[in-house]
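User: I am new to this structure. Please take a close look at its enclosed cavities and what lines them.

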Amino acid sequence: MLIKLDNSHPDVILLTGDHYVDHPSFGIAVIARVLQNEGYSVWICAQPDAKDNFKEIDLLPKPNLFFGITSGCIDSTVNLYTVNRVKRKTDAYTDGGSSLDRIRNTLTTYANKVRSSFKDSFIVLGGVEATLRRFAHYDFFTQKIQPSLLENFSADVIVYGSGENTIKDIAKLIKENKKDNIFDLKGITYKLPLSHEDTLKELKKLTDTESLKTSPEKMLPFTEDIYKYSQPFFKEKIYQKNRKSIIVQNPPAHPLTSKEMDYVHSLPFTYLPIPKPKKMLKAFETVRNTVISHRGCGGGCSFCAISLNQGKLIQSRSIDNILEEIDKRHLKSISDLQGPTANLYGARCKREDYCQRSSCLFPQVCNNLVIDENVYLRLLKKVNSAVKHLSISSGIRFDIPYKKALDFILKNDIAGGQLKVAPENCDDEILDLMRKPDFKKFEHFVEFFKKTRKKYKKDIYLIPYIISAFPTSTYNKTKKLKEDLIRLLGFVPFQIQDFTPTPTTIATALYLKLKKISAKEREKMRDLLHEKRNKTTKEKRTKHEYKKSGRKRKKK
Ligand code: SF4
């Protein structure tokens, strides 16, 4: 599907593996609107059809400046396959929800197709998949360590992390005929021939891909190096040697300031899918009435890729800018004030300089992290009084101040009946590997939640996110997890997912290093949790929950 933001010959053509949604929750929309605002003509080719061998790409005109390619909001392999390499049936980013048209390796397939039709066009890869696969990485589908996407495929550069400023610079440099200067920009990764290694002697060298392939246990220090050298304000280039090429990474782009965040969110998004879905686009329904409050997460959970994509530092919008958006969109009801961790809104680092820690919260909350609970509370109060109904669906972190916000949320009934929280497990050894706070902190949180809920007599449930079969999990630990959840909450939640070894996370490196959990063991653990969950939910499901789930309760 071709979407033309204007009708003149395109300066930039963006390709995406998702249905296009003109909403800032979708990276492709942000990049499109940023470029448009700089005066460029932007076209978007969304989900070209695999059935006719992506003919739509051949029919595109050659853009004046470059092609920008993303696989979409999620890594295409993670989107398409479960950890057991079973194809998922549904796809939230496709109209109608079928996964039939989704392909694995979307990014490289599109890039090769573009290169074969437009030999000398400049190709930029970006988004989650490009960021996670820019260096050697473990791919759970092939069950192998794979080299950077750039080793075998025909793109010129990868823009890693948030790319608004870098993409503007790329467009400007190509327009000014200064393409070579692109390779000095912050936030990019590119490829050099092996013969250039002598010129890189001064740079930090990551472990060679071939060495990682023969010794997968080296993936852990290697992955930690990627995190360390990709942190905000790191000033050096790094490189990795592959069999056929060298991958060089420039220092990361600066995190966005509050002013820049406000600028991005003031761009003329329509907040709608284009074209209008014929059936249902689940990913859009999830964000239809949401407003983004901030990006970035300092949690550094080992299984999570958010900090690789959005950065460790919190980049918050001003409250005024958020209120302007609510007004502009005539929103009467908001289903979430979106941020990776709700109560990190407004948090900032005192140092504002390079720091190699991958987490600001683990193993202890850093002394340089400034979290003023009143800032988030002020946001909640202002937004709550600007709309008829506000819900908070983003998760609340319980190892940082939360009491004032939680009190306000429960008192004003703005959790939509369910408050999300992410303890992820109950076993302290696993929590340590996950880089999550210990279980005692969650127990204290639950205690405070129950007390406050009782005080305000509210019908609100605590919904914990849980990961099963994380490295070092066993059947007995899972049994204990189930018992702890029932003891604390009275039920086993639906939000249990199997651990997926997403490329380039610390947890994936641990998965390679520690004893493997077989598919059979994983299934046993899942069945144990699901069996109990089914029983308990049947027993405990209240009228309220039935009403929310839209199902009818059987009459006795
Ligand atoms: S100094 Fe502390 S708060 Fe700042 S980035 Fe490092 S860990 Fe985070």
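Analyst: Here is a walk through the cavities, followed by a helix and a sheet. This is a predicted model, in which local features need pLDDT of at least 70, side-chain atom pairs count only at pLDDT 80 or more, and totals for chains, interfaces and linings use all residues. Residues are numbered from 1 along each chain as its sequence is written, and side-chain values use heavy atoms, with hydrogens and water left out.

Searching the whole structure gives 4 cavities of 30 Å³ or more. A cavity here is a set of points, on a 1 Å grid over the protein atoms alone, where a 1.4 Å probe fits but cannot get out. Volume is the space filled by probe spheres set on the points, with grid points joined across faces, edges and corners.

The largest cavity holds about 340 Å³ of space. Its lining has 26 residues; a lining residue has an atom within 4 Å of a point. S230, P252, A253, Q310 and G311 lie nearest the centre. Two or more lining residues come from each of α7 (164-175), α9 and α12 (306-310). Helices are DSSP runs of H or I with at least four residues, strands are runs of E with at least two, and both are numbered from the N terminus. The most comes from α12, with 4 residues. By class, the lining has 10 nonpolar, 13 polar and 3 charged residues. Ala, Val, Leu, Ile, Met, Phe, Trp, Tyr, Cys and Pro count as nonpolar, Asp, Glu, Lys and Arg as charged, and the others, Gly among them, as polar.

Now to α9. This helix spans residues 219-229, and 8 of its 11 residues are buried (under 20% relative accessible area, with a 1.4 Å probe and protein chains only). Among the buried ones are M219, F222 and Y229.

The second largest cavity has a volume of about 70 Å³. Its lining includes A469, F470, F499 and R522. That lining divides into 7 nonpolar, no polar and 3 charged residues.

A sheet comes next. Three strands form an open, parallel sheet in the order β21-β22-β23. β21 (418-424) and β23 (496-498) stand at the edges with a single partner strand each, so one side of each has no neighbour in the sheet. Strands pair if DSSP finds at least two bridges between them. β21 and β22 (residues 461-468) pair over 5 bridges. There, L419 stands opposite L462 in β22. Helix α17 (residues 439-456) lies across β21 and β22.

Conventions. Buried < 20%, exposed > 50% of the residue type's maximum accessible area, 1.4 Å probe, protein only. Contact = heavy atoms within 4.5 Å. Axes fitted to C-alpha atoms, helices over the stretch in contact; angles between N-to-C directions. 1 Å grid on protein atoms, 1.4 Å probe; cavity = no way out; pocket = protein on both sides within 12 Å on 5 of 7 lines; lining within 4 Å.
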